[in-house]
Structures are given as structure tokens and as C-alpha cells.
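Reader: I am new to this structure. Please show me how to read it.

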There are 2 protein chains.
Amino acid sequence: MAISIGIVEDHTEFRQSLVYLISSFTDYTVSWSYPSVEEALADYTETDVMLLDINLPGLSGLEAINLFKQKSRTQKIVMLTINEDEYHIFEAIKNGADGYILKKSSPSKILESIQQVYEGGAALTPMVAKQVMAFLKPQLANPGTSSNLTVREKEILVLIAQGMTNEIIAGALFISVQTVRNHIKNIYEKLHVHSRAQVVVKAYKDKLV
Amino acid sequence: MAISIGIVEDHTEFRQSLVYLISSFTDYTVSWSYPSVEEALADYTETDVMLLDINLPGLSGLEAINLFKQKSRTQKIVMLTINEDEYHIFEAIKNGADGYILKKSSPSKILESIQQVYEGGAALTPMVAKQVMAFLKPQLANPGTSSNLTVREKEILVLIAQGMTNEIIAGALFISVQTVRNHIKNIYEKLHVHSRAQVVVKAYKDKLV
DNA sequence: ATCACAATAGCCCAATCGGGTCATTTTTAT
DNA sequence: ATAAAAATGACCCGATTGGGCTATTGTGAT
């Protein structure tokens with residue numbers, strides 16, 4: 001069974017060349033292609049993979065991710081873009097895109113990306129991957145952030161960062177309040193903070209939540 | 001297939017009358033009923049809809065919502081309550097209840113609520129619905145703004161969201177700790193939270209920081 | 001076999017916080 | 001000008017938290 005693909009791309013020429021490119025392989029089928037999110041949503045049918053332009057008139061591709069996810073949670077979404085800037089990359093990732101590739105990528109790279117996300121992986125251009133890693137590095141490197149927290153401590157940190165009280169956390173994890181408090185004491189020591197509000201701040205700043 | 005129902009209600013008489021009421025319709029089946037959350041959790045079996053009293057000895061109904069959600073994410077939960085006050089309403093909604101109805105509601109209203117949440121809707125009494133809408137309106141009208149916080153309150157919120165204690169905040173703003181606490185109380189009320197950790201969470205999520 | 005660490009749980013004490021009520025002054029809006 | 005809203009400050013009380021200590025159990029590494 002061929003992998004089915006949907007395309008949203010306003011630039012007619014590029015859209016058609018995508019259709020042409022993909023259709024030339026028997027492993028892939030272009031189920032539909034539209035120049036706007038609005039039209040794609042109106043006529044939506046589920047596909048295995050979607051190619052979604054970011055710069056679109058009307059609803060942008062970034063805003064559309066969630067809308068398409070609502071239609072189908074299994075479909076994979078690959079963002080097509082001309083810009084490699086941090087904002088768009090992280091917005092796309094945050095919204096749950098499965099891939100982020102440049103329009104100027106070679107045909108073989110585009111097909112490769114489709115295959116990768118179809119198989120459950122993520123497709124990123126090397127430059128994007130680098131930025132993602134650069135973003136992650138300080139968190140991994142910086143000791144005193146999350147890295148030296150134990151698994152249990154991280155669990156509790158997440159719950160604190162949702163505003164839960166110790167009692168609620170204890171209930172949620174089926175352990176005693178005392179134990180929760182002990183874990184929290186250890187978390188404070190490792191993160192060098194002295195209150196749960198500070199923990200929440202750190203959790204958000206260091207993107208642990 | 002009849003809609004299956006679980007009931008947690010400590011008041012024996014009311015619980016039994018609920019069971020009697022519901023059982024008298026072939027469309028509904030009471031799978032179980034318990035006087036406490038603890039017993040219900042221990043013996044839990046999934047039902048389509050749960051009626052959950054708020055004022056319970058031991059674990060309250062509000063605290064229990066999440067615990068039951070862990071057992072089953074598809075079951076619908078309708079809170080039973082005697083009070084229509086804002087606090088309980090928002091706590092229930094925040095925790096993910098699907099309905100919020102008064103114990104004094106007529107039998108037909110109770111059954112109607114069950115049917116509504118079973119069909120994927122939400123069941124609210126008109127008064128509750130009004131309060132919910134009143135809370136939502138300002139946010140919808142003015143998106144991006146935090147809910148009606150005064151300038152001073154926003155200042156303090158920002159400082160809280162940096163992990164500061166009341167004493168430090170008081171020092172920073174050259175006002176007394178008492179005043180800081182009063183402002184914070186008002187912030188809590190407006191944001192419907194009950195701890196500074198939750199304020200920090202909200203501050204980051206709604207992006208006021 | 002032993003050591004280190006993680007997870008569990010308890011106790012104690014002081015500090016902080018959350019919530020309720022009240023009161024005064026200043027600013028803003030009508 | 002007057003009423004409403006905001007900012008300031010206080011008291012009280014109970015709940016929660018933060019910090020210091022000890023202890024048992026299980027697991028993984030040496």
C-alpha cells in the first residue's frame with residue numbers, strides 16, 4: 001500500500017512540482033493538494049503524511065497544525081518552509097509537527113523526510129537539528145538543572161510545576177506526604193532554590209515543563 | 001445497551017434514592033455506589049458516567065476527579081453538590097469534571113445531565129453556566145490580557161513569578177508585607193488559584209512573564 | 001560482600017502562606 | 001460630587017511549607 005500524502009502549499013508552481021515529484025514514485029500517492037489551510041480543512045480526508053507550508057495566506061501553517069491534528073492524530077505533519085529561524089522551528093515543534101524541512105531541499109531529501117516521519121521518526125534538516133541541539137545543550141550540560149535529578153524527583157518536579165500541593169502529589173503517586181516532602185527537599189538542594197514557586201520558575205525557564 | 005453509572009455519595013438516604021431513581025429507567029444501570037472515594041477506588045470498575053459528591057469525608061470529590069480520571073479517561077464525571085459557589089465550580093471544571101449539578105435538582109434534570117455528558121456534552125445548571133461565561137467573557141473580549149488584574153496586581157504577579165517571597169516583594173515595592181498579601185489574595189481570587197506555585201504556572205502559561 | 005544511592009517514611013520546629021474580616025486613603029469614573 | 005474601584009495596612013487562625021535528622025528497604029556497582 002502506497003503512503004498517502006496531502007499537501008498545503010499556496011505557491012502553485014511549487015505545489016504542482018511536489019505533486020509531480022511524489023506521484024512519480026509508486027510508493028507514494030498524493031491524495032490531495034490545496035493552496036490554503038481553509039480549503040484543505042473543508043475538504044479534508046485523512047492521509048498518512050501531510051506537507052504543510054508555513055507561510056500561507058489566511059491561516060498559517062503553524063496555526064493549522066493543531067487543526068489538522070484534531071482531524072487525525074495519527075497523521076504525520078511535515079512543515080515546509082523557506083526560513084530556518086528559531087521562532088518558526090520551535091513553534092512548529094511545540095505544536096507537534098513531525099518534521100521541518102526547507103523548500104529548497106532536494107527532491108530525494110523531501111521523499112526521505114516523508115519516509116522518515118511515516119516510519120515514526122522525525123525529519124529535520126541538519127541546520128534545524130543543530131539549532132534544536134544547541135537549544136537543548138545548556139539544559140543537559142548545566143549541572144544543577146534537571147540532569148542530576150533522579151527519575152522520581154523529576155516526576156515530582158513536574159507535578160509541582162502544575163501547582164499541586166504535597167498532599168495531592170502524594171495521592172497521585174501513592175506515596176506518603178512525608179516522602180514527597182523529602183524528595184522536594186532534595187530537589188531544592190540540587191536546584192539551589194528554597195520554595196516551590198522558585199521550582200516552578202526554574203522548571204519553566206529551563207523548559208523542563 | 002444501557003448507560004452504566006457509578007455513584008459516590010456519603011449521605012446514605014440520598015445515595016439510595018439516586019440508585020432507585022436511576023434504576024427505574026431501563027436506559028440506565030447503576031453499576032455500583034459507594035459512600036466514599038476510597039471505597040469506590042478500591043473496588044473500581046469503569047462506568048460510562050460517574051456521579052460524584054463534592055462534600056465527602058476523607059478524599060473530597062474534587063480531589064477524586066483526577067484519581068478517577070487515571071482509572072478511566074473516557075468515563076464522564078458529574079459533580080453533585082449543594083453549593084453553587086464559585087470556588088467549587090471552578091475547581092471542578094479545572095479538574096476536568098464534565099458536569100456540575102445541584103443535589104436539589106429535579107430527578108429529570110439529573111437524568112438529563114447524565115444523558116448530556118454521556119453524549120459528550122457538558123451539564124451545567126443555568127446559574128453555573130452563567131458564572132462560567134462571566135469568567136470567560138473578559139478573556140475572550142480581551143485576549144492576551146490577564147484576567148482583570150490591576151496594575152499593582154500585575155507587578156506583584158511578576159515578582160511572584162520570579163520566586164520571591166512576600167517579604168522580599170514588600171521590600172522591593174516599599175509597602176508592607178500585609179499589603180502584599182492582600183494583593184496576592186485578590187490575585188488568587190481573580191485567577192482562581194490557591195497557591196503561589198499555581199500563580200507562577202499561570203503566569204508562564206498565559207504568558208505574562 | 002559491601003558500598004553508594006534511590007525511594008520510602010517518620011519526627012520536630014519555625015517560618016511562611018492562605019483565607020477571612022475590617023478599616024483608611026487615594027484615584028478614577030460618572 | 002459622589003460613588004466605585006484600587007491601594008494600603010492590620011489582626012487572627014489554621015494549614016502548608018522548609019529545613020534538619022534519623023531510619024529501613026531495595027537495587028546496582030565494585
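Author: What follows covers confidence, two helices and the surroundings of a DNA strand. This is a predicted model, in which local features need pLDDT of at least 70, side-chain atom pairs count only at pLDDT 80 or more, and totals for chains, interfaces and linings use all residues. Residues are numbered from 1 along each chain as its sequence is written, chains are lettered from A and ligands numbered from 1 in the order in which they are written, and side-chain values use heavy atoms, with hydrogens and water left out.

Reader: What is the mean pLDDT of chain A?

Author: pLDDT is the predictor's confidence in each residue, from 0 to 100. Chain A has a mean of 79, and 80% of its residues reach 70 or more. Within chain A, strand S2 (residues 28-34) is highest at 94, while helix H6 (residues 126-141) is lowest at a mean of 44. Helices (H or I, at least four residues) and strands (E, at least two) are DSSP runs, numbered from the N terminus.

Reader: Which residues of H7(A) are buried?

Author: A general idea helps here. An α-helix has 3.6 residues a turn, so residues three or four places apart point the same way. Buried means under 20% relative accessible area, exposed over 50%, and partly exposed in between (1.4 Å probe, protein chains only). In helix H7 (residues 151-160) of chain A, the buried residues are A:Glu153, A:Ile156, A:Leu157, A:Leu159 and A:Ile160. They cover an arc of only 160° around the axis, which puts them on the same side of H7(A). The arc is that of the directions from the helix axis to the C-beta atoms. These buried residues pack against helices H8 (166-173), H9 (177-191) and H10 (196-205) of chain A, contact meaning heavy atoms within 4.5 Å.

Reader: Which residues are buried in H8(A)?

Author: They are A:Asn166, A:Ile169, A:Ala170, A:Ala172 and A:Leu173. The buried residues of H8(A) fall within an arc of 165° seen down its axis, so they line one face of the helix. Just after H8(A), A:Phe174 takes a positive phi of about 60°.

Reader: How many residues surround DNA strand C?

Author: A residue is near a strand if one of its heavy atoms lies within 4 Å of it. DNA strand C is surrounded by 20 residues, including A:Asn182 and B:Arg181 among the closest. H9(A) gives the most to this surface, with 5 residues.

Reader: Where does A:Asn182 meet the strand?

Author: A polar contact is a pair of N or O atoms within 3.5 Å; within protein, one must be able to donate a hydrogen and the other to accept it, and residues adjacent in sequence count only if both atoms are side-chain atoms. A polar side-chain atom of A:Asn182 lies 2.6 Å from a base nitrogen of DNA strand C.
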